[in-house]
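User: I am new to reading protein models and would like to learn how to read a few features, one after another. Could you take me through them?

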Amino acid sequence: MTVPEVIALQEKFDSFTAHWQPKVIGELNGQHVKIAKISGEFVWHAHEHEDELFLVTKGTLLMRFRDGERRVGVGEIVIVPRGVEHLPVAEGGEVWIMMFEPVGTLNTGNVVNERTVAQLEHV
């Protein structure tokens, strides 16, 4: 057996500056472990077949839903069930998030536009 790598989150986040450009930092059980820096508002979208888990590591994420919203702080998670339309918003500046999603999940779900990242970079 090969000894598993230890992933330093701060080092990974420090390796890029672009917003809304998720990066893959690992993979387990058919899931990508992704990180992203976000700023401002994203786009309304849903994922027909995938649940998404968002873990906030810096700042406050406002997750809007058609029937309400949730604020997610550092060390907190929100799980968005498949099929639920949502709009991530970085509240009060830059927010750092970690996501767990099945491999192949598009960041914009059922919406394809200029923010869609089809080819994920590994950092």
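User: Is Phe-65 buried or exposed, and how do I read that?

Analyst: The general idea is a cut-off on relative accessible area: buried means under 20%, exposed means over 50%, and partly exposed lies in between, with a 1.4 Å probe and protein chains only. Phe-65 counts as buried, because its relative accessibility is 16%. Please keep in mind that this is a predicted model, in which local features need pLDDT of at least 70 and side-chain atom pairs count only at pLDDT 80 or more, while totals for chains, interfaces and linings use all residues. Residues are numbered from 1 along each chain as its sequence is written, and side-chain values use heavy atoms, with hydrogens and water left out.

User: Which residues does Phe-65 touch?

Analyst: A contact means heavy atoms within 4.5 Å. Leaving aside residues up to four places away in sequence, Phe-65 touches Trp-44, Arg-70, Val-80, Val-84, Glu-85 and His-86. Distance along the sequence and distance in space are separate readings: Phe-65 and Phe-42 are 23 residues apart in sequence, and their C-alpha atoms are 13 Å apart in space.

User: In which element is Phe-65 found, and what does that element pair with?

Analyst: Helices (H or I, at least four residues) and strands (E, at least two) are DSSP runs numbered from the N terminus, and two strands pair if DSSP finds at least two bridges between them. Phe-65 is found in strand E3. Strand E3, residues 52–65, runs antiparallel to strand E5, residues 77–80, and four bridges join them; here Leu-55 has Ile-77 in E5 as its bridge partner. Eleven bridges join E3 to strand E6, residues 86–102, again in an antiparallel arrangement, and five bridges join E3 to strand E4, residues 68–72, also antiparallel. Leu-62 stands opposite Val-89 in E6 and opposite Arg-71 in E4. A hairpin of two residues leads from E3 to E4. As a general rule, in a regular strand the side chains alternate between the two faces of the sheet.

User: Which elements does the chain have in total?

Analyst: The chain has one helix and seven strands, and from the N terminus on they run α-β-β-β-β-β-β-β. The radius of gyration is taken over C-alpha atoms, and the globule rule is 2.2 Å times the number of residues to the power 0.38. For this chain the radius is 14 Å, close to the 14 Å that the rule gives for 123 residues, so the chain is as compact as a globular protein of that length. Its C-alpha atoms fill a box of roughly 50 × 30 × 25 Å along the principal axes.

User: How much of the chain is buried?

Analyst: Of the 123 residues, 41% count as buried. Among contacts with a separation of 6 or more, 66% come from residues 24 or more positions apart.

User: What should I look for in the backbone angles of residues in loops?

Analyst: One reading is the sign of phi in a residue other than glycine, and Trp-20 has a positive value near 60°. Trp-20 lies in the loop between helix H1 (9–14) and strand E1 (23–28), and it counts as buried because its relative accessibility is 8%. Asn-29, which is not a glycine either, has a positive phi of about 50°. Asn-29 is found in the loop between E1 and strand E2 (31–41), and at 76% relative accessibility it counts as exposed.
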